[in-house]
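Subject: Structure handover

Hello,

The structure is placed below for you to open. My notes on the ligand and on the empty spaces follow it.

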Amino acid sequence: MQDHSSTPPTDSVHHPVDCSRVNTLRAEVCCSNKLSFLMEAHDGLSAAIAERGGFKGLWASGLSIACSLGYRDANEASWSQLVDAVERIVDSSQLPVLVDGDGGFGNFNNARLLARKLCQRGAAGIALEDSSFPKINSFVGDRHPLADVDEFCGRLRAVKDTIAKDLVLVARIEALIAGHGMHEAISRAHAYREAGADAILIHSRSSSADEVLSFARAWQNRLPIVIVPTKYYRTPTCEYRRARISTVIWANHSMRAAVAAMRQVCGRLFAEENATTIEPEIAPLDEVFDIFNYDELAKAEARYLHPGKLQQ
Ligand code: SPV
Ligand code: MG
């Protein structure tokens, strides 16, 4: 008789969907007593590396996912391509994933379909922005038509009714990006809160944090605040703690790091026609194998492919 009773190897690549991820994200994003950080991921590799780096949650960035697929951040990638990318991100770490759902890919119906699919793929939250379809990245150009408030509230309500407590719902305000000013941003925040948002993401393209900090003062913590300090990166993090911001999203930093590193290695290999000088500067293959737990595969092979050898 062969012994199949030993403990099965843990397969961290294909773990079951963990419902507690939603609660973890809720605790991280919706807590204003403690500043949380979400790290951008755009594929399984960047997700696994962020987890190893110590992050407790991930931001599935629309910009970075589009970029990794070779698309522009203008709804060129479809909702199903986004959902597929999210599945790889979810499967590659144990962390909760807040998904950048753009505007929901259309009206209330597209938004609730997207939310349901993200739930099925193990996402923990969705951020919906009040842009109109097709969107364009917030840092590109000056035309950012906002969605009508009531129509966008319908998108939020439809998502909330669909996913109930199964996803954290973050409403993202683009009013400052679109040049509408603080009054519009605050009045939208009130409307989105009433429509069922769990948190408000206030976005800004200013090089200082003044806009988001004055939003936080006016908002008075009626719902947790999420920020994306891509352009105002010089602001000391203690200012966000002082303002009782709940969550900082590092929205595209792994993707941009990868762009710089790939540009460098391609340039060097092309010029030098030899890998001697570049080898010490790139990740060893063993690190790559370690990230995706190749050891587990070897153990699984011993257990399932060559079970007889286990007894020897
Ligand atoms: C993203 O990461 O896709 C975002 C953040 O939406 S930003 O690109 O800063 O608008
Ligand atoms: Mg985006």
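**Ligand 1 and its shell**

The shell around ligand 1 consists of five nonpolar, five polar and two charged residues (nonpolar: Ala, Val, Leu, Ile, Met, Phe, Trp, Tyr, Cys and Pro; charged: Asp, Glu, Lys and Arg; polar: the others, Gly among them). This is a predicted model, in which local features need pLDDT of at least 70, side-chain atom pairs count only at pLDDT 80 or more, and totals for chains, interfaces and linings use all residues. Residues are numbered from 1 along each chain as its sequence is written, chains are lettered from A and ligands numbered from 1 in the order in which they are written, and side-chain values use heavy atoms, with hydrogens and water left out.

Among the residues around the ligand (a heavy atom within 4 Å) are Gly 62, Leu 63, Asp 100, Asn 137, Phe 139, Arg 172 and His 203. Three side chains place a polar atom by a ligand oxygen (polar contact: N or O atoms within 3.5 Å): Ser 61 at 2.7 Å, Trp 59 at 3.0 Å and Ser 138 at 3.5 Å. The protein covers 100% of the 280 Å² of accessible area that ligand 1 has on its own (Shrake-Rupley method, 1.4 Å probe).

**Cavities**

There are two cavities of 30 Å³ or more. A cavity here is a set of points, on a 1 Å grid over the protein atoms alone, where a 1.4 Å probe fits but cannot get out; lining residues have an atom within 4 Å of a point. Volumes are the space filled by probe spheres set on the points, which are joined across faces, edges and corners.

The largest cavity holds about 150 Å³. It has 16 lining residues, with Leu 63, Asn 137, Arg 172, His 203 and Ala 251 closest to its centre. Ligand 1 sits in this cavity (more than half of its atoms within 2 Å of the grid points).

The second largest cavity has a volume of about 110 Å³. Of its 15 lining residues, Gly 62, Ala 66, Ala 77, Asp 102 and Phe 105 are the closest to its centre. Helix α3 gives the largest share of this lining, four residues (helices are DSSP runs of H or I, at least four residues, numbered from the N terminus).

**Largest pocket**

The largest pocket (an open set with protein on both sides within 12 Å along at least five of seven lines) contains about 700 Å³ of space. Its lining comprises 16 nonpolar, five polar and three charged residues, and α10 gives the most, nine residues.

Regards

Key
Polar contact = N/O pair within 3.5 Å; in protein donor to acceptor, adjacent residues only side chain to side chain. Helix = DSSP H or I, 4+ residues; strand = E, 2+ residues; numbered from the N terminus.
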